[in-house]
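This note is intended for a colleague who meets the structure for the first time. The points below move from the overall layout to individual elements and sites.

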Amino acid sequence: MRLKPIAPPSPSEPPRRGEEPGDCASCRTGDDDYLWTNDRWRVKTPPKPSGLPVVVILETRAHLDLGDLSTMHAAELGVLTVRLERAIRSLDSVARVHVNRWGDGSAHLQLWFLARPKGHLQLRGPFMTMWDDILPATEESQWRSDLEYIRAWLDDTT
Ligand SMILES: [Zn+2]
């Protein structure tokens, strides 16, 4: 095994997906393809189950990145982050929920919630995203049931 050599710094940064709102996949996707929506936020899932019990993605409805959020949006982001973490963590199959935002892929804000399955201590830490691709996919009916539970949790504003 050899370490990959580090490339020299690029003189310019490449554009991200959806730098122009008209080219943004999130902005062009209708609410029907989302798990949950409200006036300013939407939650989506990958199209099919993966190795982790649950992966959901919180997005702004408007074409905004993290640094563009108003004080109101930022406050709502905090509340929704906590609500989603609680909802996912309360599933029987989940031990912990990792919340991630990578800024290099999409220009449209996406906050990823990744559930670590209970008891799988080997998956702890930042490499859990790779385990999502390696592990056998979660059984589809369980996955759909867990997503419905999360949607109901988000709908419950009490
Ligand atoms: Zn967008």
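1. Sheet pairing at strands 2 and 3. The model discussed here is predicted. Strand 2 and strand 3 run antiparallel and are joined by four bridges. Within this pair, K44 has I57 of strand 3 as its bridge partner.

2. The other neighbour of strand 3. Strand 3 is also joined to strand 5, by five bridges, and these two strands run antiparallel. Here V56 stands opposite F113 in strand 5.

3. Burial of strand 3. How many of the six residues of strand 3 are buried? Six of the six are, so strand 3 is largely enclosed by the rest of the structure. V55, I57 and E59 point one way from the strand, while V56, L58 and T60 point the other way, and all are buried. For this assignment, buried means under 20% relative accessible area.

4. The sheet as a whole. The five strands form an open sheet in the order 1-2-3-5-4, with antiparallel pairing. Strand 1 and strand 4 stand at the edges with a single partner strand each, so one side of each has no neighbour in the sheet. Strand 4 pairs with strand 5 in the antiparallel sense over six bridges. In this pairing, N100 stands opposite W112 in strand 5.

5. Overall composition. The chain has four helices and five strands. Read from the N terminus, its elements follow the pattern α-β-β-β-α-β-β-α-α. Taken along the principal axes, the C-alpha atoms fill a box of roughly 50 × 45 × 25 Å. Of the 158 residues in the chain, 37% are buried. Among contacts with a separation of 6 or more, 62% are between residues 24 or more positions apart.

6. Helix 2. The 19 residues of helix 2 should span 27 Å at 1.5 Å a residue, and the end C-alpha atoms are 27 Å apart, which agrees. The buried residues of this helix are H73, E76, L77, L80, T81, R83, L84, E85, A87 and I88. Their cover includes all of strand 1, strand 2, strand 3, strand 4 and strand 5 as named elements, together with helix 4.

7. Helix 4. This helix covers residues 140-155, and for its 16 residues a rise of 1.5 Å a residue gives an expected span of 22 Å; the end C-alpha atoms are 22 Å apart, in agreement. Which residues of helix 4 are buried? They are W143, D146, L147, I150 and L154. These residues cover an arc of only 100 degrees around the axis, which puts them on the same side of helix 4. They pack against strand 1 (36-37), strand 2 (41-44), strand 3 (55-60) and helix 2 (71-89).

8. The loop residue S90. S90 is found in the loop between helix 2 and strand 4. Its relative accessibility is 31%, so S90 counts as partly exposed. Leaving aside residues up to four places away in sequence, S90 touches Y149 and W153. S90 and Y149 are 59 residues apart along the chain, yet their C-alpha atoms are separated by 9.8 Å.

9. The zinc ion and its donors. Which atoms coordinate the zinc ion? The donors are SG of C24, SG of C27, ND1 of H63 and ND1 of H108, at 2.1 to 2.3 Å. Along the chain, the donors follow the spacing C-x2-C-x35-H-x44-H. C24 and H108 link distant parts of the chain, being 84 residues apart: C24 lies in the segment before helix 1 (25-28), and H108 in the loop between strand 4 (94-100) and strand 5 (110-117).

10. Geometry and burial at the zinc ion. Why is the arrangement of the four donor atoms tetrahedral? The angles they subtend around the zinc ion are 104 to 117 degrees, which makes the arrangement tetrahedral. The test applied requires that all angles lie between 85 and 135 degrees. For four tetrahedral donors, the ideal angle at a metal is 109.5 degrees. Of the donor residues, C24 counts as buried because its relative accessibility is 2%. H108 is likewise buried, with a relative accessible area of 1%.

Definitions and conventions:
Residues numbered from 1 in each chain as written. Predicted model: local features only at pLDDT ≥ 70, side-chain atom pairs only at ≥ 80, totals over all residues. Heavy atoms only, no water. Expected span 1.5 Å × (residues − 1). Buried < 20%, exposed > 50% of the residue type's maximum accessible area, 1.4 Å probe, protein only. Arc of directions from axis to C-beta. Contact = heavy atoms within 4.5 Å. Donors = N, O, S within 2.8 Å, 3.2 Å for Na, K, Ca; no water. Tetrahedral: all angles 85-135°; square planar, octahedral: opposite > 155°, others 65-115°. Pairing = 2+ DSSP bridges.
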